[in-house]
Amino acid sequence: MPIKLENVAIAVRDLEATIAFFADLGLTVLGRDEVSGEWADTAVGLDGNHAKIALLETPDGSGRLELFEYVHPDAIETEPTLPNEIGMHRVAFSVDDLEHSLQIAARHGCYPLRGVATYGDVYKLTYVRGPSGIIVMLAQELKPS
């Protein structure tokens, strides 16, 4: 049986601000909902689970993010992850114009962790600290394939 990546889910502090960030980068909101009840408690493994969610998709339809903001129980604030920590590392996007994408990110108060790098003659790329501390990699291909 083949396997297909459905989406990457990320808990966020402010759903609307995070949607705005990713929408400005070019993702489309496919839908929104609130989830709760026994089925959600069972699926997530958290009693009293109640969250507002949004599903976003890349313009080419190949990638999806599920963003969720907890209503109950209260979200637990943690320090944003560092690139070398075990666990969810980052989400990565190919962009047509890295400088333009960085301008969009800056409008949301999101900036590169250090700067823009060039990986061989393949990509210009950077890691941006996005909303809720999410690490977002933005990469522009240098030579179209």
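User: In this predicted model, which residue of strand 7 stands opposite alanine 117?

Analyst: A residue pair of this kind is read across two paired strands. In this predicted model, leucine 125 in strand 7 is the residue opposite alanine 117. The two strands concerned are strand 6 and strand 7, the latter covering residues 123-129, and they pair over 3 bridges in the antiparallel sense.

User: How many residues lie between strand 6 and strand 7 in their hairpin?

Analyst: The hairpin formed by strand 6 and strand 7 has 3 residues between them. In its turn, glycine 120 has a positive phi of about 55 degrees.

User: In which sense do strand 7 and strand 8 run, and how many bridges join them?

Analyst: Strand 7 and strand 8 run antiparallel and are joined by 7 bridges. Across this pairing, lysine 124 stands opposite glutamine 140 in strand 8. These strands also form a hairpin, with 5 residues between them; serine 132 in the turn has a positive phi of about 55 degrees.

User: In what order do the strands of the open sheet lie?

Analyst: Strand order is read across the sheet rather than along the chain. Here the open sheet has 4 strands in the order 5-8-7-6, and its pairing is mixed. Strand 5 (91-94) and strand 6 (117-119) are the edge strands; each has a single partner strand, so one side of each lacks a neighbour in the sheet. On average, neighbouring strands of this sheet are turned by 30 degrees against each other, direction ignored.

User: Which helix packs on the sheet, and which strands does that helix touch?

Analyst: Helix packing is described by the strands touched and by an angle of direction. Helix 3, residues 98-107, packs on this sheet and touches strand 7 and strand 8 (135-141). The direction of helix 3 makes about 5 degrees with that of strand 7.

User: Which residues have the most contacts inside the largest nonpolar core?

Analyst: A core can be read first by its residues and then by the elements that supply them. The largest nonpolar core has 24 residues, and those with the most contacts inside it are Phe22, Leu65, Leu67, Phe93, Val136 and Leu138. At least two residues of this core come from each of helix 1 (15-25), strand 3 (50-57), strand 4 (64-72), strand 5, helix 3 and strand 8. Helix 1 gives the most, with 5 residues. Leaving aside residues up to four places away in sequence, phenylalanine 22 touches Leu27, Leu56, Leu65, Leu67, Phe93, Ile134 and Val136.

User: Is glutamate 69 buried or exposed?

Analyst: The assignment rests on relative accessibility, with buried meaning under 20%. Glutamate 69 has 17% relative accessibility and therefore counts as buried. This residue lies in strand 4. Residues up to four places away in sequence again left aside, glutamate 69 touches Val12, Arg13, Asp14, Leu15, Ala51 and Lys52.

User: How many helices and strands does the protein chain have, and in what order do the elements run from the N terminus?

Analyst: The protein chain has 3 helices and 8 strands. From the N terminus, their order is β-α-β-α-β-β-β-α-β-β-β.

User: Why does the radius of gyration of the protein chain agree with that of a compact globule?

Analyst: The value is set against the expectation for the chain length. For 145 residues, a compact globule would have a radius of gyration near 15 Å, and the protein chain has 16 Å, which agrees. Of these 145 residues, 31% count as buried. Among contacts between residues at least 6 apart in sequence, 54% join residues at least 24 apart.

Notes:
Residues numbered from 1 in each chain as written. Predicted model: local features only at pLDDT ≥ 70, side-chain atom pairs only at ≥ 80, totals over all residues. Heavy atoms only, no water. Pairing = 2+ DSSP bridges. Axes fitted to C-alpha atoms, helices over the stretch in contact; angles between N-to-C directions. Contact = heavy atoms within 4.5 Å. Core = buried A, V, L, I, M, F, W, Y, C linked by side-chain atoms within 4.5 Å. Buried < 20%, exposed > 50% of the residue type's maximum accessible area, 1.4 Å probe, protein only. Rg over C-alpha atoms; globule rule 2.2 N^0.38 Å.
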